Protein chains: 2
Amino acid sequence: MSTLAIRRFDANEADFNTNMDQILSWESVSDDRVNQVVKEVVMDVRQRGNQALMDYTAKFDQLTLTDSAELEISQARLQQALANLPAEQREALELSAKRVEAYHLRQKSDSWSYEEADGTMLGQQVTPLDRVGLYVPGGKAAYPSSVVMNAVPAKVAGVKELIMVVPTPRGEVNELVLAAAAICGVDRVFCVGGAQAVAALAYGTETIPAVDKIVGPGNIYVATAKRMVFGTVGIDMIAGPSEILVVCDGDTDPDWIAMDLFSQAEHDEDAQSILVTPDAAFADKVIESMTRLLETMPRKNIIRTALEARGAVITVKDMEQAIEMINLIAPEHLELSVDDPKAMLPKIRHAGAIFMGRYTAEALGDYCAGPNHVLPTSRTARFSSPLGVYDFQKRSSLIMCSPEGADTLGRTAAILADGEGLQAHAASARYRLRK
Amino acid sequence: MSTLAIRRFDANEADFNTNMDQILSWESVSDDRVNQVVKEVVMDVRQRGNQALMDYTAKFDQLTLTDSAELEISQARLQQALANLPAEQREALELSAKRVEAYHLRQKSDSWSYEEADGTMLGQQVTPLDRVGLYVPGGKAAYPSSVVMNAVPAKVAGVKELIMVVPTPRGEVNELVLAAAAICGVDRVFCVGGAQAVAALAYGTETIPAVDKIVGPGNIYVATAKRMVFGTVGIDMIAGPSEILVVCDGDTDPDWIAMDLFSQAEHDEDAQSILVTPDAAFADKVIESMTRLLETMPRKNIIRTALEARGAVITVKDMEQAIEMINLIAPEHLELSVDDPKAMLPKIRHAGAIFMGRYTAEALGDYCAGPNHVLPTSRTARFSSPLGVYDFQKRSSLIMCSPEGADTLGRTAAILADGEGLQAHAASARYRLRK
């Protein structure tokens, strides 16, 4: 077996920043061809509805539907998938959904208001979205955990109708995905995918109802279609490749750390796994472990490619410098494999999810710890958050002026409106002044 | 004076839905030419920094800067603008900022966590964004209230550095805008605008620091540039034309309602003002008021164009049907000019801001009531919220497993990871099981 050719950097080398810029840079660009194809598909589904949807499903998914009723996968079929699941898998899925629900219940916002001395009332009314579309990829990346992580927060928020689309190429369905939909209470499921499914959710067809927001992962065509319909409907973040940054003081079993790095690298060739440690000898040990363990991994080719293309092992002078690395990298997943991870928290400004202590494998967060596994990638943790209940609730400001409040506020508003040259604003405020 | 040719609909006519689709439809499309220009400007500023920024400022704003130090407007200059303001305007601006701050303080989220029976800790750490860019338009739409509404929530969130850009065509500055920046504690101000300013904020130049999120209104070039840099930085919503829906039972002074409708229509020719009432005779009176009052308005041409192009007066059979209209239109501003607006709230699902009762002119919300005036337009209130402190905070999930928690959760995670064919995930979880 050949030693894993993962990059090694020292954070105090002269060319470190340039090297880091290089491995961190990631720009997902929809090229002109993809844009053109997606534009045509979206326009066509918007205009021709079901017929276009069935045409593209025949063309791209090799699935010929003769009647638009066949677009829908029945609730009975979902229940059947659930009933046929091995008990162990069913229990694991149910526990996952239950724990994710318990965690997300704590994210729910309530309406609030307050009254001022003059009787003026101010506040915000919080309401759930009416209808949400959940995109679930077919094929190799068909993950039931993704159904749980997207559906549960929407249901906790109180979304009335949750519509799932999942492509079934050549009619192949993923039983785990259907079972997860049954467990999470997904209201309707349609066997379509790609840009055509996104268009159907955004604009509606004779069979698929238009939704208010579309969430869930997908390939470049799906991502491009989501960008295109944004504004007509809401969308979640466009995810980049998965990432993990493990910070270790050197006292965790190097095999554990090696496997944690693998667990992101195995997602796909573009995934990024980085180890930061102040202990250079420990770094050597982790690389030895990775080289040895790699051979045992069914997905070893993907893992090797990812680690050699975008991975890195970085030595730092101390844990202070490790924290600088964290805030620079702003990782999707951050593992703090150290004695006292709580002490580090106040200094950590950017990370999607923080896995604290030697016992918290990142994989627990992917499936069943409770927090969401849909997280900001590609340094977007600098300005965005994990998917949550807050993504399925919205707010309306409330203002109710007493006659006294209308008088006080009206005078101020009129002065400012005059200053901006908006005379109707000023007049509208002045009508309500006390004479 | 000619009668205002505003459309009149009855919600129970056969062709009502078609008519409404027509007046509600709005798609802001950046044409290929705009996209091309913006792409070139953004790439150029990204590559050539200050020099490109100064070149475009000379070209588009007719402002020639000889030294990059001239890009910045000093804090002393902001204080000077504030000191020179008439007392009345200064007090009004200060009151506005104070009230907006008081309201937004109630939106601030705190970190939270909880511990499970086995000692596993779960939660979210909430942190402010590091650095935010605020775009303020120059020229006719230079609104100091916009500085207040964007800057205050960022400051309340705890954003460390707030960078404002404002074009100064031919060197003309808006004193009210600079004074508002001083009052709101904006940290640095640069005299640049357009797509070049957005690019500078997104990528940074030798003088302007790169930010994490860009907020604030702008023309089609600014909006297109924001869309283009989204992902590298966060952005706020891309706003469409302003809208108001007034629902009135017929018992408010028709002049008041007419002026409230004007106060959105005066923004620009594409703005939308709609009245919904169950009282057809009252609808007549409001149209009479509008026809009469229009002549007194300095911005009467804009108002007439907007009302005749996109306005409507709609009669409904009762208040229940009025509520259906609200949820269909999902307006940016909703005015409930009725006796008991609170009773209507539980049925209202979609609105950016709700102005309740006869005394609450929409204009109060634009300036000083407290809630934000940056609101979802073009029916996006179905899935989005007013600008708020939550737009300047972000969350990191926290997971810290006890050895016992790692054992329980690890078993479940391993089963699910095996089901998804992700063996490194499963192995990483199994390492932490009790032997």
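# Exercises on a predicted two-chain model

A:D407 lies in helix α16 of chain A; helices (H or I, at least four residues) and strands (E, at least two) are DSSP runs, numbered from the N terminus. This is a predicted model, in which local features need pLDDT of at least 70, side-chain atom pairs count only at pLDDT 80 or more, and totals for chains, interfaces and linings use all residues. Residues are numbered from 1 along each chain as its sequence is written, chains are lettered from A and ligands numbered from 1 in the order in which they are written, and side-chain values use heavy atoms, with hydrogens and water left out.

## Exercise 1: one aspartate

Find out whether A:D407 is buried or exposed, and which residues it touches.

Step 1. Start with accessibility, where buried means under 20% relative accessible area, exposed over 50%, and partly exposed in between (1.4 Å probe, protein chains only). A:D407 has 14% relative accessibility, so it counts as buried.

Step 2. Now look for neighbours, taking contact as heavy atoms within 4.5 Å. Leaving aside residues up to four places away in sequence, A:D407 touches A:R432, A:L433 and A:R434.

Step 3. Check the polar atoms. A polar contact is a pair of N or O atoms within 3.5 Å; within protein, one must be able to donate a hydrogen and the other to accept it, and residues adjacent in sequence count only if both atoms are side-chain atoms. A polar atom of the A:D407 side chain lies 2.7 Å from the backbone nitrogen of A:R434.

## Exercise 2: the two chains together

Work out how chain A is related to chain B, and describe what lies between them.

Step 1. Superpose the copies by least squares on the C-alpha atoms of residues with pLDDT of at least 70 in both. Chain A falls on chain B after a rotation of 180° with 0.0 Å of shift along the axis (RMSD 0.0 Å). That is the relation of a two-fold axis. The same surface serves both copies, as 100% of the contact residues of chain A recur in chain B.

Step 2. Size up the interface. On each side, 116 residues of chain A meet 116 residues of chain B. The chains bury about 10300 Å² between them, 60% of it on carbon and sulfur atoms; buried area is the accessible area (1.4 Å probe) that two parts lose on being put together, summed over both.

Step 3. Count the pairs. A salt bridge is a side-chain nitrogen of Lys or Arg within 4 Å of a carboxyl oxygen of Asp or Glu, and there are 10 between chain A and chain B. In one example, A:R382 meets B:D212 (2.7 Å, N to O). Polar contacts across the interface come to 62 residue pairs (both at pLDDT 80 or more). Helix α16 (residues 403-419) gives the most to the side of chain A that touches chain B, with 10 residues.

## Exercise 3: helices with a buried face

Take helix α12 (residues 300-310) of chain A and say where its buried residues point.

Step 1. List them: A:I302, A:I303, A:A306, A:L307 and A:R310 are buried.

Step 2. Look down the axis, measuring the arc from the directions from the helix axis to the C-beta atoms. These residues fall within an arc of 120°, so they line one face of α12(A).

Step 3. See what lies over them. The cover includes β1 (7-10), α1 (16-24) and α10 (254-265) of chain A, among others.

Step 4. Try chain B for practice. In helix α4 (residues 75-83), B:L78, B:A81 and B:L82 are buried. Their arc is only 100° around the axis, which puts them on the same side of α4(B). B:A76 and B:A83, on the other side, are exposed.

## Exercise 4: salt bridges within a chain

Locate the partners of three salt bridges.

Step 1. A:R48 pairs with A:D55 (3.1 Å, N to O). At 37% relative accessibility, A:R48 is partly exposed, and A:D55 is partly exposed at 33%.

Step 2. A:D236 pairs with A:K226, with the closest N and O atoms 2.6 Å apart. A:D236 sits in the loop between β9 (234-235) and β10 (243-248), and A:K226 in helix α9 (residues 220-229). Both are buried.

Step 3. B:E308 pairs with B:R304, with closest N and O atoms 3.1 Å apart. The two are 4 residues apart in helix α12 of chain B, about one helical turn.
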